[in-house]
2 protein chains.
Amino acid sequence: MGFMDNLKQVLEIEDCSLQHKGLILLSQRYMGGDMSEEKKPGSERPARQRRKMQSITMMDVAEYAKVSPSTVSLYLRRPEAVSAGAGSAIAHAIDKLNYVPNLVAGGLAAASSRAVSIIVPSVRNAFFAETVAAMQTALRKERLQVILGHTEYDEREEEDLVRTALSWAPAAIVLTGLSHSETTRRMLSKVKVPVIEIWELGGPQIDAAIGFHHDQVGAAAARHLIQQGRRHLAYLGARMHEDRRARLRCDGFVAAASEAGVEVNVVQHPAPSSAEAGAMLLSETMQDFPQTDGIACSNDHVALGVLFECERLKIAVPDRLATIGFGDLSFSAACNPPLSTIRPSGDLIGKEAARLIVEHMAGKEPDSQTTIDTRFTLLHRRSS
Amino acid sequence: MGFMDNLKQVLEIEDCSLQHKGLILLSQRYMGGDMSEEKKPGSERPARQRRKMQSITMMDVAEYAKVSPSTVSLYLRRPEAVSAGAGSAIAHAIDKLNYVPNLVAGGLAAASSRAVSIIVPSVRNAFFAETVAAMQTALRKERLQVILGHTEYDEREEEDLVRTALSWAPAAIVLTGLSHSETTRRMLSKVKVPVIEIWELGGPQIDAAIGFHHDQVGAAAARHLIQQGRRHLAYLGARMHEDRRARLRCDGFVAAASEAGVEVNVVQHPAPSSAEAGAMLLSETMQDFPQTDGIACSNDHVALGVLFECERLKIAVPDRLATIGFGDLSFSAACNPPLSTIRPSGDLIGKEAARLIVEHMAGKEPDSQTTIDTRFTLLHRRSS
DNA sequence: GTGAAAGCGCTAACAT
DNA sequence: ATGTTAGCGCTTTCAC
């Protein structure tokens, strides 16, 4: 259970040389606030022998570098605040002793850990994977860790994850979407941890929000298809009962279409987005609404299935049927025909979230209710 | 910076009723080992007013439930070890005070945190996303958190991530693959934290390993194509210079083919796997080796590109050219024709890893060098 | 079964 | 710029 015992080994190797220099490592600790009785010289206390412990601590580094522990701590957090001499002595000690700071202890003392809790529906979803990856990369440079949680589109689960997240006294909490349980909202709103909601804009937010308006995505798709001369539209959606954002895109699509006097048939599938679902939805659509000439999909997985099914049914895309997806996934540009789609910037969302967190930690006032619209891009390729 | 201040508010609301019961919350703490001087009654010390702190602590729960903090701690970790009366009093107190345990403090005291560090090349990769998601779900049930790191296929980066991971005194460290820098290996081998290497088998392992043999995957693909009567094989690989496991699959493919007296042309692309890369690789292959009649791809993204390009080039699949991929990604079964592929079980890997970790924490001896072969399945669909 | 005591390794207010 | 000091909130012996 003890960890970093390797360091102890290193220490043992070095031991003789250290003794030569008259240094005593692993010596008595501050016995701060100790009782006054039996503190007579000679009654050495068995320092740090009690439990499984880290071998090399900041104290050891301090002794080796002949400075105080707090100077080491300061050096670790703000090297520029320490004199060059002390700095290099500490650096040398750290290197020599192979010291690895204990962030858990640091987190406890500082009442805020260098962890950022990111809660997404699932990292299996390429959109969130992208954001999580971008955030991890950006946060890492600031020596912040990512603690990951998956809600699987369940608000109860999210609530639980938030509760646990708070147990870690994170530097920030990142949530997906603006829709959370009452309890989640209450827990969070009364806490000083910065909360960042990602991948959705356009509703009441807890603190900062970074993302885009999903209804605008739907509207853009509708306007695009109509612009292409399509008048019989359908929206194919997977898992829209759970995926609020897919639903918002659908709503935006329908609203923009009816504004233009065009009706929309919404065809749904309860399963998660997949090419298979898309294929099924397309065949269902063409059967129920054979006049359909323009289709928008809740995302590119579904659109890919549409493309495949059209090929099988010998439906010409885009001549007979125009199709547009959402996501610009890895295969979208390579499809037959290349898939028109709307690209959100998942990585930008992650980067901006990381930036906000870092700025907040640097003391910049939380400027609550910050909203960053990362927007989206309609890629007009050959499927429409 | 302080967190969970919401609890303080809850407390304030409840305050009057508590006073009624004569309870004093947020009272003096144990001033354990305090100096003897000026400890006269009347000189109250300003308890817990110094820094930004958590509002409700285990001590508050203990006072409310009229038990000692250690009993609360025990109840939280092993409820069955506490008497029914004390247990329900504590449960009530926790509920009433809205207590959220501080895992950072717990981790420090226990010298091991309830965190598991998972280090993968990237969660953008569907394979690892699957495993990470499965692990997170399984670990969550044991109240373990996932700390995520991305190496981006860089051993130096991995080394750094491992170092940071150790700073968190994690309950376990999960690494991808068996290939690590010398320093990484040294840091890890001398530490008592269980290390689990995933997604690769067949080399020297640090501790436990869960995954499968990638060369066997390649061999299975080769035998399959040869069985289908193909004699002019090609292996299309993306990013094989970085992705060791893709390279192993390729090697296994080539070896099995030459064992059967069939030669293989390996065609590579340096970019990450994508349908676009696959399309390019196919056109290159058919140009350089027009007699090719069987193709294996480093994964299904590449195979999808092959399928698309064959369609564009009017190459009949599987009649003229059989294709098999790797991964069984979400679109693979829905392709035209449905893509033959080899399915690894990314989620099984995650589940087994979680199981090992939980067992280890339950005290089961690490049984080092544990190896779990999660195997793979060849799905013979219509592309071959 | 329960409680008192003693830290875990670090940070940060304060003093110098 | 550096050191002194007093905890952060919890776990874990060890008595009882």
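How many bridges join strand 8 of chain B to strand 9 of chain B, and in which sense do the two strands run? In this predicted model, strand 8 (residues 294-297) of chain B is joined to strand 9 of chain B by three bridges, and the two strands run parallel.

## The four-strand sheet of chain B

The pair just described belongs to an open sheet of four strands in chain B, whose order is 7-6-8-9 and whose pairing is parallel. Its edges are formed by strand 7 (264-269) and strand 9 (322-324) of chain B, each of which pairs on one side only. From one strand to the next, the twist of this sheet averages 20°. Within the pairing of strands 8 and 9 of chain B, one can look for B:Gly294, whose bridge partner in strand 9 of chain B is B:Ala322.

Two helices pack on this sheet. Helix 10 (residues 244-259) of chain B touches strand 6 (233-238), strand 7 and strand 8 of chain B, and the direction of this helix makes about 175° with that of strand 6 of chain B. Helix 11 (residues 275-288) of chain B also touches strand 6, strand 7 and strand 8 of chain B, while its direction makes about 140° with that of strand 7 of chain B.

## A sheet built from both chains

Another open sheet holds 12 strands, drawn from chain A and chain B, and its order is 11(A)-5(A)-4(A)-3(A)-1(A)-2(A)-2(B)-1(B)-3(B)-4(B)-5(B)-11(B), with mixed pairing. The edge strands are strand 11 (371-373) of chain A and strand 11 (371-373) of chain B, each pairing on one side only. Neighbouring strands of this sheet are turned against each other by 20° on average, if direction is ignored.

For a closer look at one pairing, strand 1 (residues 115-120) of chain B and strand 3 (residues 172-176) of chain B pair in the parallel sense over four bridges. In this pairing, B:Val174 of strand 3 of chain B is the bridge partner of B:Ile118.

## How the two chains are related

Two copies of a chain are related by a rotation about an axis and a shift along it. Here, chain A is superposed on chain B by a rotation of 180° with 0.0 Å of shift along its axis, and the RMSD is 0.1 Å. The two copies are therefore related as by a two-fold rotation axis. The same surface serves both copies, since 97% of the contact residues of chain A recur in chain B.

## Two pairs of packed helices

Two packed helices are described by the angle between their axes and the distance between the axes. In chain A, helix 9 (residues 214-227) and helix 10 (residues 244-259) pack at an angle of about 40°, with their axes 6 Å apart, and helix 9 of chain A is therefore oblique to helix 10 of chain A. The crossing of these two helices of chain A is right-handed. Among the residues that make the contact are A:Val217, A:Ala221 and A:Leu225 of helix 9 of chain A, and A:Leu248, A:Gly252 and A:Phe253 of helix 10 of chain A. The residues of this contact divide into 10 nonpolar, three polar and three charged.

In chain B, helix 2 (residues 58-65) and helix 4 (residues 84-97) pack at an angle of about 125°, with their axes 8 Å apart, which makes helix 2 of chain B oblique to helix 4 of chain B. Their crossing is right-handed. The contact includes B:Val61 and B:Tyr64 of helix 2 of chain B, together with B:Ile90, B:Ala93 and B:Leu97 of helix 4 of chain B, and its residues divide into eight nonpolar, one polar and two charged.

Key: Residues numbered from 1 in each chain as written. Chains lettered and ligands numbered in written order. Predicted model: local features only at pLDDT ≥ 70, side-chain atom pairs only at ≥ 80, totals over all residues. Heavy atoms only, no water. Pairing = 2+ DSSP bridges. Axes fitted to C-alpha atoms, helices over the stretch in contact; angles between N-to-C directions. Parallel < 35°, antiparallel > 145°, perpendicular 65-115°, else oblique. Left-handed = near helix turned anticlockwise from the far one by under 90°. Contact = heavy atoms within 4.5 Å. Nonpolar A, V, L, I, M, F, W, Y, C, P; charged D, E, K, R; others polar. Least-squares fit on C-alpha atoms with pLDDT ≥ 70 in both.
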